[in-house]
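I opened this entry to keep track of what I looked up, in the order I looked it up.

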Amino acid sequence: MNGRERLIADAVLAALLLLVPAFLLHSNSRFAGSLAGFVLGASAAALMILLLAYPLIKHSTRLKGLVTRCVSMSALLAFHAYAGIVAAFLALLHTGHKLQSPLGIVLLTSMLIVVITGFVGRYYLPQTAMELRQQQSHLATLRSAYEHTAAAMSSPDRDQRDGPGMHARVLQDVPLLQLVDGISDVEAAIGSREAVKKVFMQWIGLHVVAAIVMYALLVVHVASEVYYGLRWLA
């Protein structure tokens with residue numbers, strides 16, 4: 001993830017989370033059933049259905065071969081990520097900041113979990129893996145420098161070849177303690193990154209489970225709205 005994508009991801013997540021406190025500042029119990037609320041809700045539901053295109057294409061060899069002739073998988077993944085964000089925005093606006101049923105609360109909660117875990121998997125997990133690889137490469141360089149320096153200092157013919165005075169000057173010039181401190185710091189940083197990566201690796205299971213719950217509740221929500229009638233048609 002480049003700097004521009006990281007900035008977009010952070011800004012979108014921050015904006016999405018800032019919509020949640022709006023429930024405390026403004027609410028309209030009749031907005032969701034109005035024409036504007038219906039348009040927002042229908043648009044959010046349509047985008048959520050389109051989100052299924054990426055996993056279906058990804059896990060279908062035949063579809064993947066046909067679709068990737070025109071559109072790359074990376075472009076489909078980008079659409080999957082940003083369409084999910086737009087759907088979440090529209091769904092939050094559709095509620096009118098007023099949840100009157102447990103169904104709506106659970107549906108909204110599962111949707112937010114899907115969006116957040118999706119962003120973790122799309123942006124932050126690869127970023128963490130890349131930083132971990134960079135730190136491991138740096139650690140390997142430090143260890144190589146340490147082993148080379150230690151081997152040179154412990155050579156049995158060093159004093160005979162260079163003399164005791166030269167050996168003493170080398171001991172003063174070689175930053176051996178700095179190498180040890182650097183190795184210790186990088187190892188601690190790698191341990192922290194690995195712990196974060198292990199936590200992030202759970203995103204896929206939570207993302208899939210939350211998505212299944214979200215789509216099941218979405219079907220129930222749409223069916224109930226159709227069954228009881230659309231208020232704005234009256």
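I began with the handedness of one helix pair: helix 3 passes helix 11 in a left-handed crossing. The model is a predicted one, and I read every value below as computed from it.

I then looked up the geometry of that pair. Helix 3 covers residues 35-50 and helix 11 covers residues 203-228. Their axes come within 12 Å and cross at roughly 140°. I noted helix 3 as oblique to helix 11 because of that angle; the antiparallel class takes angles over 145 degrees.

Next I took helix 3 against helix 6. The two pack with axes 8 Å apart, at an angle of about 155°. Helix 3 is therefore roughly antiparallel to helix 6. I checked the hand here too, and the crossing of helix 3 and helix 6 is left-handed.

I stepped back to the whole chain. How many helices and strands does the protein have? I found eleven helices and zero strands. Read along the sequence, the pattern is α-α-α-α-α-α-α-α-α-α-α. Of the 234 residues in the protein, 32% are buried.

I went on to single residues, with Thr95 as one entry. Thr95 sits in the loop between helix 6 (73-94) and helix 7 (102-153). Is Thr95 buried or exposed? Its relative accessibility is 11%, so I entered Thr95 as buried, the cut-off being under 20%. I also looked up a contact in space for this loop residue: Thr95 and Gly33 lie 62 residues apart in sequence, and their C-alpha atoms are 9.0 Å apart.

Val220 was another entry. I located Val220 in helix 11, the helix whose axis I had already compared with that of helix 3. Val220 has 45% relative accessibility and so counts as partly exposed. I set Val220 against Leu107: the two are 113 residues apart along the chain, with 9.9 Å between their C-alpha atoms.

I ended at the surface. Which residues make the nonpolar surface patch of about 460 Å²? I listed Ile49, Leu52, Leu56, Leu63 and Leu66. I followed up one of them, Leu66, which is found in helix 5 (residues 61-67). Leu66 has a relative accessible area of 47%, so I entered it as partly exposed. That value fits its place in the patch, because patch residues need over 30% relative accessible area.

Terms used. Residues are numbered from 1 along each chain as its sequence is written. This is a predicted model: local features need pLDDT of at least 70, side-chain atom pairs count only at pLDDT 80 or more; totals for chains, interfaces and linings use all residues. Side-chain values use heavy atoms; hydrogens and water are left out. Patches are made of residues with over 30% relative accessible area and no salt bridge: like charges are joined within 9 Å, nonpolar side chains (Val, Leu, Ile, Met, Phe, Trp, Tyr) within 5 Å. Accessible areas come from the Shrake-Rupley method with a 1.4 Å probe; for residues, only the protein chains shown count as cover. A salt bridge is a side-chain nitrogen of Lys or Arg within 4 Å of a carboxyl oxygen of Asp or Glu. Helices (H or I, at least four residues) and strands (E, at least two) are DSSP runs, numbered from the N terminus. Buried means under 20% relative accessible area, exposed over 50%, partly exposed in between (1.4 Å probe, protein chains only). Axes are lines fitted to C-alpha atoms, for helices over the stretch in contact, and angles run from 0 to 180 degrees between N-to-C directions. Angles under 35 degrees count as roughly parallel, over 145 as roughly antiparallel, 65 to 115 as roughly perpendicular and the rest as oblique. A crossing is left-handed if the near helix is turned anticlockwise from the far one by less than a right angle, and right-handed if clockwise.
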